Amino acid sequence: MGAACPDCRRGFLLAGFALGGFLLCGVFAARAGQPAREWQPAVRDYPWSFPRDHWAHDRSRTEWWYFVGVLETRHGRELAWQFTLFRTGLIATPTPEAASPWAARHALMGHAVVADLDSGERVFSQVVHREAPGLGAAGRFPEPEILAVAGPAGTASDWSLRLEDGTFRLRAADRGAEMAIRLTLTPTRPPVFHGEAGYSEKSPGGGASNYYSLTRMEAAGELTLGGVTGTGRGWGWMDREFGAGWLAPDQTGWDWFALSLDDGRDLMLYLLRREDGSLSHADGTLLEADHTALRVPGARVEVTDTWTPPRRIARNDEAARPYPAGWRIEIPAAGARHSMVLQVRPLLADQENRRGPDQTGPDIPYWEGAVEVLPGSPGSPAGVGFVELTGYRRPMTLRALGGW
């Protein structure tokens, strides 16, 4: 898998697109049809500053830190993982009452997944808290902690994201689910900015986010699944988005791809869908091996297979629409570079994140999974990646989100 994992043929990546990468989680996606004038919208020609912009942006209503990857343990297990932290603003303009440390100015959510790509065993965990002492807080640059939120009931340790000496440190655990993530991720490439220098349009009405990624990060550490801990190395991908609102009223979900190719290139691609399944908006970025970023809005994506969740996990209010489970992606030639065709397929069929019976917070099923990339035409590369699919079992609307 590229420079970080040259022999790894199985996938990690995302996104946010993120939940994202674009990300996922519609729970935190303010919609362009419901303006939040008090919040800072995405900014054209945003004055990026690193490492500062890895920390929280209090004036943005919505933001997330989206990590995915694959770890190969010393005993040969290949474990895919996801670690995502979300922050959504509740009070835009501070009041005297909001100055109290107990005032809930923000809501915080975390998603964590560990999956064995050989056995198919997979665990998803979710935490949701308001920002308050003992529950969760966003750090302030330059202190190492970026964000922390209390773990699930019965789990003593927080879920946290820290940046120290240029290395991200991820920690999450769910004692009841016998799952844990303890990883360090070190960037090997500079940030890649999506859209126009990091201003990523999502809807015709001006909806947009400020959006960047860190691809091909070197990952090391421990993952626990089923009470068994594996130590190893691998790679990861980080997606970051922040802004005030970007989904249009008729946009109900998205497909997001984050792919690392064996020829040294990385591809981020997203498709926003309407309720009838038609394409509303699409964009993407192809990062060349020399770090040149090319915009690829003309990519064509064809679904080649589908997967339907088992009837036992479906709800009465959910549509029976299946998830895509295979894709043919055609990237047209950009400048003097050749076009390419990629065949993408999941490494596990059921990689749907769905809230368990003992978990709190919104119930928003979405598919987030490791994939492999095969050449679809002569000269096209293979690779690995992650795909995120939202809005298939339930539209990403405020009504569906239960009032969040």
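Before we start, one convention: Ala, Val, Leu, Ile, Met, Phe, Trp, Tyr, Cys and Pro count as nonpolar, Asp, Glu, Lys and Arg as charged, and the others, Gly among them, as polar. Keep in mind that this is a predicted model.

**Exercise 1. Get an overview of the fold and its surface.**

Step 1. Begin with secondary structure: the protein has 23 strands and zero helices.

Step 2. Next, look at burial. Of the 404 residues in the protein, 59% are buried.

Step 3. Finish with the outside. The accessible surface is about 15500 Å², and carbon and sulfur atoms account for 50% of that area.

**Exercise 2. Describe the largest pocket: which residues lie closest to its centre, and what is the make-up of its lining?**

Step 1. Take the volume, which is about 460 Å³ for the largest pocket.

Step 2. Find the centre. The lining has 21 residues, and Phe-124, Asp-174, Gly-356, Asp-358 and Gln-359 are the closest to the centre.

Step 3. Ask where the lining comes from. Strand β4, residues 122-130, supplies the largest share, with seven residues.

Step 4. Sort the lining by class, using the convention at the top. The result is seven nonpolar, eight polar and six charged residues.

**Exercise 3. Do the same for the second largest pocket: which strand gives the largest share of its lining?**

Step 1. The volume of the second largest pocket is about 240 Å³.

Step 2. Its lining consists of 14 residues, with Asp-255, Leu-271, Arg-273, Gly-277 and Leu-279 nearest the centre.

Step 3. Three strands, β15 (266-274), β18 (300-307) and β19 (323-331), each contribute at least two lining residues. The largest share, three residues, belongs to β18.

Step 4. By class, this lining splits into eight nonpolar, two polar and four charged residues.

**Exercise 4. Locate the nonpolar cores: which strand gives the most to the largest one?**

Step 1. A general point helps here: in soluble globular proteins, nonpolar side chains tend to be buried together.

Step 2. The largest nonpolar core has 38 residues, and those touching the most other members are Trp-65, Phe-67, Phe-83, Leu-161, Phe-168, Ile-181 and Leu-185.

Step 3. Strand β12 (residues 208-225) gives the most to this core, namely six residues.

Step 4. Another core lies apart from it; this one has 27 residues, including Val-128, Trp-246, Trp-254 and Tyr-366.

**Exercise 5. Compare two aromatic pairs: what is the geometry of each, and are their residues buried or partly exposed?**

Step 1. The structure holds 17 aromatic pairs. One of them joins Trp-55 and Phe-141, with 5.0 Å centre to centre and 70° between the planes. Planes over 60 degrees apart count as edge-to-face, so this pair is edge-to-face.

Step 2. Place the partners in the chain. Trp-55 is in the segment before β1 (62-73), while Phe-141 is in the loop between β5 (136-138) and β6 (145-149), 86 residues apart.

Step 3. Check their exposure. Trp-55 has a relative accessible area of 2% and is buried, whereas Phe-141, with 37%, is partly exposed.

Step 4. Turn to Tyr-323 and Tyr-392, a tilted pair with 5.5 Å centre to centre and 45° between the planes. Tyr-323 belongs to strand β19 and Tyr-392 to the segment after β23 (383-389), so the pair ties together parts that are 69 residues apart in sequence.

Step 5. Buried means under 20% relative accessible area. Tyr-323, at 0%, is therefore buried, and Tyr-392, at 7%, is buried as well.

**Exercise 6. Find an aromatic cluster: which residues form it?**

Solution. One cluster is made up of Tyr-46, Trp-48, Phe-50, Phe-193, Tyr-212 and Phe-242.

Conventions: Residues are numbered from 1 along each chain as its sequence is written. This is a predicted model: local features need pLDDT of at least 70, side-chain atom pairs count only at pLDDT 80 or more; totals for chains, interfaces and linings use all residues. Side-chain values use heavy atoms; hydrogens and water are left out. On a 1 Å grid over the protein atoms alone, a cavity is a set of points where a 1.4 Å probe fits but cannot get out, and a pocket is an open set with protein on both sides within 12 Å along at least five of seven lines; lining residues have an atom within 4 Å of a point. Grid points are joined across faces, edges and corners, and a volume is the space filled by probe spheres set on the points. Helices (H or I, at least four residues) and strands (E, at least two) are DSSP runs, numbered from the N terminus. A nonpolar core is a set of buried Ala, Val, Leu, Ile, Met, Phe, Trp, Tyr and Cys residues joined through side-chain atoms within 4.5 Å. Buried means under 20% relative accessible area, exposed over 50%, partly exposed in between (1.4 Å probe, protein chains only). Accessible areas come from the Shrake-Rupley method with a 1.4 Å probe; for residues, only the protein chains shown count as cover. Rings of Phe, Tyr and Trp (its six-membered ring) pair if their centres lie within 6.5 Å; planes under 30 degrees apart count as stacked, over 60 as edge-to-face and the rest as tilted.
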